[in-house]
Amino acid sequence: MAATKTFRVLPGFNITLGFTLAYLSLIVLIPLSAVFLKTTSLSFAEYWHVVTAPRVVATYKLSFGLSLVAAAINSVFGLMLAWALVRYSFPGKRLVDALVDLPFALPTAVAGIALTALYAKNGWIGQYLDPLGIQVAFKPLGILVALVFIGLPFVVRTVQPILEDLDTELEEAATSLGAHRWQTFRHVILPILLPALLTGFALAFARAVGEYGSVIFIAGNIPMVSEITPLMIITKLEQYDYAGATAIATVMLMLSFTLLLIINGLQAWTSKRTGRDR
Amino acid sequence: MAGATTFHIGIDHAHRFESKAATRETPLVKWLILGVSLTFFVVFLLMPLIAVFVEAFRKGWETYITALVEPDALSAIRLTLLAAVISVPLNLVFGVCAAWAIAKFEFRGKQFLITLIDLPFSVSPVIAGLVFVLLFGAQGWFGSWLSDKDIRIIFAVPGIVLATVFVTFPFIARELIPLMQAQGREEEEAAVVLGARGLQTFWYVTLPNIKWGLMYGVILCNARAMGEFGAVSVVSGHIRGQTNTLPLHVEILYNEYQFAAAFAAASVLAVLALVTLVIKTWVENRAAQSHKDSTRDDAS
């Protein structure tokens, strides 16, 4: 590494980087590589058979489909909530702002049983939906509710700082040039927010795809109907089918890694667009 | 992927936008946005939180207390605390080391290293548990070696700690890296040139600058460590009184239809979440305050 051979004033480079790499390898890299090595115990045909079994494919459709819908719902309502928090004063605002992070702080199992209690037939919300013929708990719709819950802060917290940094001059210029409020939003504000909004969408989606704790209580977990991919992995593990569980895990991991790269790219775009660090 | 949890200094901007005609909406639109977004907030965030406490007290105080002092609940609380007490300091040391190396020095592959540190955030908790089963489980790589030595990791406490360390791995590093990068290295270099030793420099120069970010990372790391469910569930084996953490205890009670007891245990975790949010808000306010003070100092 000739390029980095400059004189360093500060001490501790070798020891901190050494420890960082050792700890990273020990806790994350080596264990994760075990997943990929384990799949080599299956032939490609066996692997393909496991990851494309109808019951497994049904879980991908459910997990990915509902995660996309949840992330889309969060993008719309998360943007509105961030807008309200940044632009309006209202009583209880500080409380609302602090509680937006609740899904980060509340253990997923707690969220899961609380949502189930709310949306069950006799629950606070479920009792009004049931006469309308809408069943949420123990149906795919219940999974969607849980995924919306856990994904909301991702959108609010990525959009909020960008909204706060927005210069009022831009909107004043647009208005003085004759733009309506909606035109100003659509053509001036939204393009600035777009990278952050997409980042929030991707973060919410990535979190939703892997989510387990808050979903399993409300899902009903019926094969082919309301079974998510992480549960499929657990089911295989409980049957001591380690190779099968691992095969499905690799499919999820590859999707996660792809998302991670996309999110990194989006965050770089956000900082380029707005001059913020992240 | 901690992007969204990153520490940000909250200052109320509303008056800046509400004071000018060009940056505010008509009252109708404003009330519509407020109404819809706050309804969404109440239905999706506030009501689940309230439901936890209402369900917990549905059968009265006595049932509530009984559910919390029974031996299995107490042992679950102890194990939850143990997992946090081990994983938070480990990840704190890691976070500080990683941030020091990344923020204070230039080296090739730095961006890639930051991406790798983020990895555990993008891995499903279930897979986080699975990897340790593959390594240390009965059929795992080290399985037969461990059983010869009579060491249990999976379905035992070490597995729970390992899984917790894995899922909370990036929290503190992710807060400190951008913070220390933004602060540069001039102050530390000055201290070293004036004769301070490495640890002195860190303790007296770096630490005061990063203390709020550090605390922020520690609180979030701790909340996740105590609340982790999926990863821990895979490696725990759900042995009552031995390998049950509090979130797993909630699940077992719930699946046995002991709803009041399940929600009582859940309410302890919900209180923990609320305390986390209170400390987090306090840290943000203190950081905003010291940020304001330091910019005032710079100006004078």
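**Salt bridges, buried residues and a surface patch**

Let me start with one residue, Arg55(A), which counts as partly exposed because its relative accessibility is 30%; here buried means under 20% relative accessible area, exposed means over 50%, and partly exposed is in between, with a 1.4 Å probe and protein chains only. Before going on, I should say that this is a predicted model, in which local features need pLDDT of at least 70 and side-chain atom pairs count only at pLDDT 80 or more, while totals for chains, interfaces and linings use all residues. Residues are numbered from 1 along each chain as its sequence is written, chains are lettered from A and ligands numbered from 1 in the order in which they are written, and side-chain values use heavy atoms, leaving out hydrogens and water.

What does Arg55(A) meet in a salt bridge? Its side chain meets that of Glu227(A), at 2.6 Å from N to O, where a salt bridge is a side-chain nitrogen of Lys or Arg within 4 Å of a carboxyl oxygen of Asp or Glu. Arg55(A) lies in helix H3 (residues 54-87) of chain A, and Glu227(A) in the loop between helix H11 (213-219) and helix H12 (229-238) of that chain, so the pair ties together parts that are 172 residues apart in sequence. When I say helix, I mean a DSSP run of H or I with at least four residues, while a strand is a run of E with at least two, and both are numbered from the N terminus. Glu227(A), for its part, counts as buried because its relative accessibility is 4%.

How many salt bridges does a search of the whole structure find? The search finds 18 over all chains, and one of the pairs to look at in your viewer is Asp101(A) with Lys280(B), whose closest N and O atoms are 2.6 Å apart. This pair crosses between chains, going from Asp101(A), in the loop between helix H4 (93-99) and helix H5 (102-105) of chain A, to Lys280(B), in helix H14 (residues 259-299) of chain B. Both of these residues are buried, and both belong to a network of salt bridges that also links Asp97(A), Arg157(A) and Glu284(B). Within chain B, Glu55(B) forms a salt bridge with Arg58(B), the closest N and O atoms being 3.5 Å apart; Glu55(B) is buried because its relative accessible area is 14%, whereas Arg58(B), at 55%, is exposed.

Let me stay with chain B as a whole. It has 14 helices and zero strands, and of its 300 residues 56% count as buried. Its C-alpha trace spans about 65 × 60 × 30 Å along the principal axes. If we take contacts (heavy atoms within 4.5 Å) between residues of chain B at least 6 apart in sequence, 73% of them join residues at least 24 apart.

One example of such a neighbourhood is Thr168(B), which lies in helix H8 (residues 157-168) and is buried because its relative accessible area is 0%. Leaving out residues up to four places away in sequence, Thr168(B) touches Ser87(B), Asn91(B), Cys221(B), Arg224(B) and Ala225(B).

That list includes a cysteine, which brings me to disulfides, each being a pair of cysteine sulfur atoms within 2.5 Å. By this rule the count over all chains is zero. Cys97(B) is in no disulfide, and its nearest cysteine sulfur, that of Cys221(B), is 15 Å away; Cys221(B) likewise is in no disulfide. Cys97(B) counts as buried because its relative accessibility is 16%, and Cys221(B) counts as buried because its value is 0%.

Moving to the surface, where is Phe142(B) found? It sits in the loop between helix H6 (125-136) and helix H7 (143-148) of chain B, and it counts as partly exposed because its relative accessibility is 38%. Together with Leu37(A), Trp141(B), Trp145(B) and Ile151(B), Phe142(B) makes a nonpolar surface patch of about 510 Å². Accessible areas come from the Shrake-Rupley method with a 1.4 Å probe, and for residues only the protein chains shown count as cover; patches are made of residues with over 30% relative accessible area and no salt bridge, like charges being joined within 9 Å and nonpolar side chains (Val, Leu, Ile, Met, Phe, Trp, Tyr) within 5 Å.

Finally, a word on confidence. The mean pLDDT of chain B is 89, and 95% of its residues reach 70 or more, pLDDT being the predictor's confidence in each residue, from 0 to 100. The model scores ipTM 0.89 and pTM 0.91.
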